[in-house]
Protein chains: 2
Amino acid sequence: MDKKDYQIIRELQKDGRQTNQELSERVGLSPSPCLRRVKNLEKAGVIRGYSAVVDPGECGLPTTAFVRITLDRHTEEVAQGFEEAVRGIDEILDCYVMSGGSDYLLRVLVADLKGYERFVRTRLHRIKGVAAIDSGFAYGTVKQSTVFPLSLGMDS
Amino acid sequence: MDKKDYQIIRELQKDGRQTNQELSERVGLSPSPCLRRVKNLEKAGVIRGYSAVVDPGECGLPTTAFVRITLDRHTEEVAQGFEEAVRGIDEILDCYVMSGGSDYLLRVLVADLKGYERFVRTRLHRIKGVAAIDSGFAYGTVKQSTVFPLSLGMDS
DNA sequence: GTTGAAATCCCAGGTCC
DNA sequence: GGACCTGGGATTTCAAC
């Protein structure tokens, strides 16, 4: 992982569909070694995949909810059951294990408040061990970046 | 935006680099109309772009912080200044306008707690109008999905 | 006007230097 | 890391419904 790798990552985060030729020019390599680096980054799991960046509102899902979850007991059994359930719920885009007050933070995408209510009733409340749910809604988005703050100043 | 469009979006969220040929087979179209639909979705802004999905930890940024921001005054001037500043700070990946207790929610990516402290000191505190900062740290990730919960059961 | 098909151009991926 | 080569996909054009 030297400076060139970070440059490649940055460029592919900005445009994951650019051709290897374009990419190689931008990072100052010839196509072959550039492609080799990309493949290595993919195999190493640094690049996990590629995805289309889609506007949720245009797809009928304009409402983002952030949900803080507290479990009633902190046993392995409860935690694993919760996490397994979370992975199976499509409305939950992200789930983080948090420090501090609550145990988990969920990012949930729904059509509207009614959809969120339905999500809570038919999904969250059916999970065993959920003690508290604290919801916050996003009215809008100021920024949504796919590019990491990688320090490109130094190499190695 | 019919059922086929949603299928295309779903497939391109799962793999944004698949060939138009693969995509057309998966959604049950021939390549030409499939490509036209993709281009239309791009022009309409439904598909905003394509990005590599990268593991933050592998890039030396294993720490995700969620920061709740409250502004001291709720004037247009303060809000616009804050939002403009946010857009220029690379460590802030996402910024949502929130309802309820706090005004904004930031998703911040840093190397460690020291990096976060530096971020707060040299970035957040230099923004005018920030009254309160409430930070929460993510220890780990249970789920991180790029696929929206699109209802593919109906068309139109 | 929208869909399927063919031809050309250009890129990806492998191999060797 | 760079250069060549080949198979395959993207893109444009054209025909058909």
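A residue is near a molecule or strand if one of its heavy atoms lies within 4 Å of it. By that rule, the residues around DNA strand D come from chains A and B, among them Ser32(A), Arg36(A) and Gln21(B). This is a predicted model, in which local features need pLDDT of at least 70, side-chain atom pairs count only at pLDDT 80 or more, and totals for chains, interfaces and linings use all residues. Residues are numbered from 1 along each chain as its sequence is written, chains are lettered from A and ligands numbered from 1 in the order in which they are written, and side-chain values use heavy atoms, with hydrogens and water left out.

**DNA strand D**

- Chain A places Leu29(A), Ser30(A), Ser32(A), Pro33(A), Arg36(A) and Arg37(A) around strand D. Chain B adds Thr19(B), Asn20(B), Gln21(B) and Leu35(B).
- Helix H3 (31–43) of chain A and helix H2 (20–27) of chain B each supply at least two residues of this surface. Helices (H or I, at least four residues) and strands (E, at least two) are DSSP runs, numbered from the N terminus.
- H3(A) gives the most, with four residues.
- The surface has three nonpolar, five polar and two charged residues. Here Ala, Val, Leu, Ile, Met, Phe, Trp, Tyr, Cys and Pro count as nonpolar, Asp, Glu, Lys and Arg as charged, and the others, Gly among them, as polar.
- Of the strand D atoms within 4 Å of the protein, 63% belong to sugar or phosphate and the rest to bases.
- On the backbone, a polar side-chain atom of Ser30(A) lies 3.0 Å from a phosphate oxygen of strand D.
- On the bases, a polar side-chain atom of Ser32(A) lies 2.3 Å from a nitrogen. For Arg36(A), such an atom lies 2.9 Å from a base oxygen.

**DNA strand C**

- Residues of both chains surround strand C, including Thr19(A), Lys39(A), Pro33(B) and Arg36(B).
- Of the strand C atoms within 4 Å of the protein, 67% belong to sugar or phosphate.
- The surface near strand C divides into two nonpolar, six polar and two charged residues.
- A side-chain N or O atom of Gln21(A) is 3.2 Å from a phosphate oxygen of strand C. For Ser30(B), a polar side-chain atom lies 2.3 Å from a phosphate oxygen.
- Ser32(B) has a polar side-chain atom 3.0 Å from a base nitrogen of strand C.
- H2 and H3 of chain A and helix H3 (31–43) of chain B give two or more residues each to this surface.

**Helix H1 of chain A**

- H1 of chain A (residues 3–14) has 12 residues and should span 16 Å at 1.5 Å a residue. The expected span is 1.5 Å times one less than the number of residues. Its end C-alpha atoms are 17 Å apart, which agrees.
- Buried residues of H1(A) include Tyr6(A), Ile9(A) and Leu12(A). Buried means under 20% relative accessible area, exposed over 50%, partly exposed in between (1.4 Å probe, protein chains only).
- Their cover includes H2 (20–27), H3 and strand S1 (47–54) of chain A, with strand S1 (47–54) of chain B.
- Asp5(A) counts as buried, at 9% relative accessibility. Asp5(A) touches Arg37(A) and Leu41(A) (contact means heavy atoms within 4.5 Å), not counting residues up to four places away in sequence.

**Arg10(B)**

- Arg10(B) lies in helix H1 (residues 3–14) of chain B. Arg10(B) is partly exposed, with a relative accessible area of 23%.
- Leaving out residues up to four places away in sequence, Arg10(B) touches Val147(B), Phe148(B), Leu150(B) and Leu152(B).

Note on methods
A polar contact is a pair of N or O atoms within 3.5 Å; within protein, one must be able to donate a hydrogen and the other to accept it, and residues adjacent in sequence count only if both atoms are side-chain atoms.
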